[in-house]
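User: Could you take me through one part of this model up close? I'd like to start at the beginning of the chain and see what it leads to.

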Amino acid sequence: MSKFLSDVAEQLIQNQIDFEKHICVIPNKRMALFLKRHLQQKLSESVFLPEFLGTNDLLGNISDMKLVSGLDANIQLYLSYLKVADSAIDFSEYLNWGGQVLSDFNDIDLYQVDPKKLFAKAIFLALTSISF
């Protein structure tokens, strides 16, 4: 990884990129930190480095949509659960499994799984696993 980031820094410098007019989109903040270090080591003069954004930050900047915090997402899911649940549990009990449900929903979205097919299969498996 370090060699790759070193090569990226070298290419940016060789191409004489005007850093003040550019934004570097990086997958995560850790990678941005290391790329900044490589740029600082390779530059012979003081310059303003480009702005570094993660992919989520970039999408948030160019979209009207905002990333919801984990707590806000858990609260919204809990409120939805209360609307359909036969018997309610308190929020602290819900938090034991709510994060996993949100993670599963995220995976369904990430891998573009058809939710209707997935939940139909889950219901089928739940019904057929009942012992008599």
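Analyst: Sure, let's start with Ser-6, which sits in helix 1, residues 2–14. Keep in mind throughout that this is a predicted model. Ser-6 counts as buried because its relative accessibility is 16%, and the cut-off for buried is under 20%. What does Ser-6 touch once you skip residues up to four places away in sequence? The answer is His-38 and Lys-42. Helix 2 covers residues 29–42, so both of those partners fall inside the helix 2 range.

Helix 2 is also part of something nice: together with strand 1 and strand 2 it makes a right-handed β-α-β unit. The two strands, strand 1 and strand 2 (residues 51–54), run parallel and are joined by four bridges. If you want to check the register, Cys-24 has Phe-52 as its bridge partner in strand 2, and Val-25 stands opposite Leu-53.

Strand 1 itself, residues 23–26, has alternating side chains. Cys-24 and Ile-26 point to one face and are buried. Ile-23 and Val-25 point to the other face and are not buried. Put that together with the pairing, and Cys-24 is a buried residue with Phe-52 as its bridge partner, while Val-25, opposite Leu-53, is on the face that isn't buried.

Between helix 1 and strand 1 there's a loop, and Gln-16 lies in it. Have a look at its backbone: phi of Gln-16 is near 50°, a positive value in a residue other than glycine. Gln-16 is exposed, because its relative accessible area is 71% and exposed means over 50%.

There's a second case of that kind further along. Gln-112 has phi near 50° too, again positive and again not a glycine. Gln-112 lies in the loop between helix 5 and helix 6, and at 73% relative accessibility it counts as exposed.

That loop also holds Val-113. Val-113 is partly exposed, since its relative accessible area is 35%, which falls between the 20% and 50% cut-offs. Val-113 belongs to a nonpolar surface patch of about 580 Å², along with Phe-105, Leu-110, Tyr-111, Leu-118 and Phe-119. Helix 5 (91–110) and helix 6 (115–128) are the elements that give two or more residues to the patch.

Helix 5 turns up again when you look at Asn-74, which lies in helix 4, residues 70–84. Asn-74 is buried, because its relative accessible area is 11%. Leaving out neighbours within four places in sequence, Asn-74 is in contact with Phe-91, Tyr-94, Leu-95, Gly-98, Gly-99 and Leu-102. Those contacts carry numbers within the 91–110 range of helix 5.

One last stop is Ile-62, in helix 3, residues 55–62. Is Ile-62 buried or exposed? Ile-62 is exposed, with a relative accessible area of 62%. For a sense of scale, the C-alpha atoms of Ile-62 and Gln-100 are separated by 29 Å, and the two residues are 38 apart along the chain.

Technical notes:
Residues numbered from 1 in each chain as written. Predicted model: local features only at pLDDT ≥ 70, side-chain atom pairs only at ≥ 80, totals over all residues. Heavy atoms only, no water. Buried < 20%, exposed > 50% of the residue type's maximum accessible area, 1.4 Å probe, protein only. Patch = residues over 30% accessible without salt bridge, like charges linked within 9 Å, V, L, I, M, F, W, Y side chains within 5 Å. Areas by Shrake-Rupley, 256 points an atom, 1.4 Å probe, with all protein chains shown as cover. Salt bridge = Lys/Arg side-chain N within 4 Å of Asp/Glu carboxyl O. Contact = heavy atoms within 4.5 Å. Pairing = 2+ DSSP bridges. Right-handed = clockwise from strand over helix to strand, strands pointing away.
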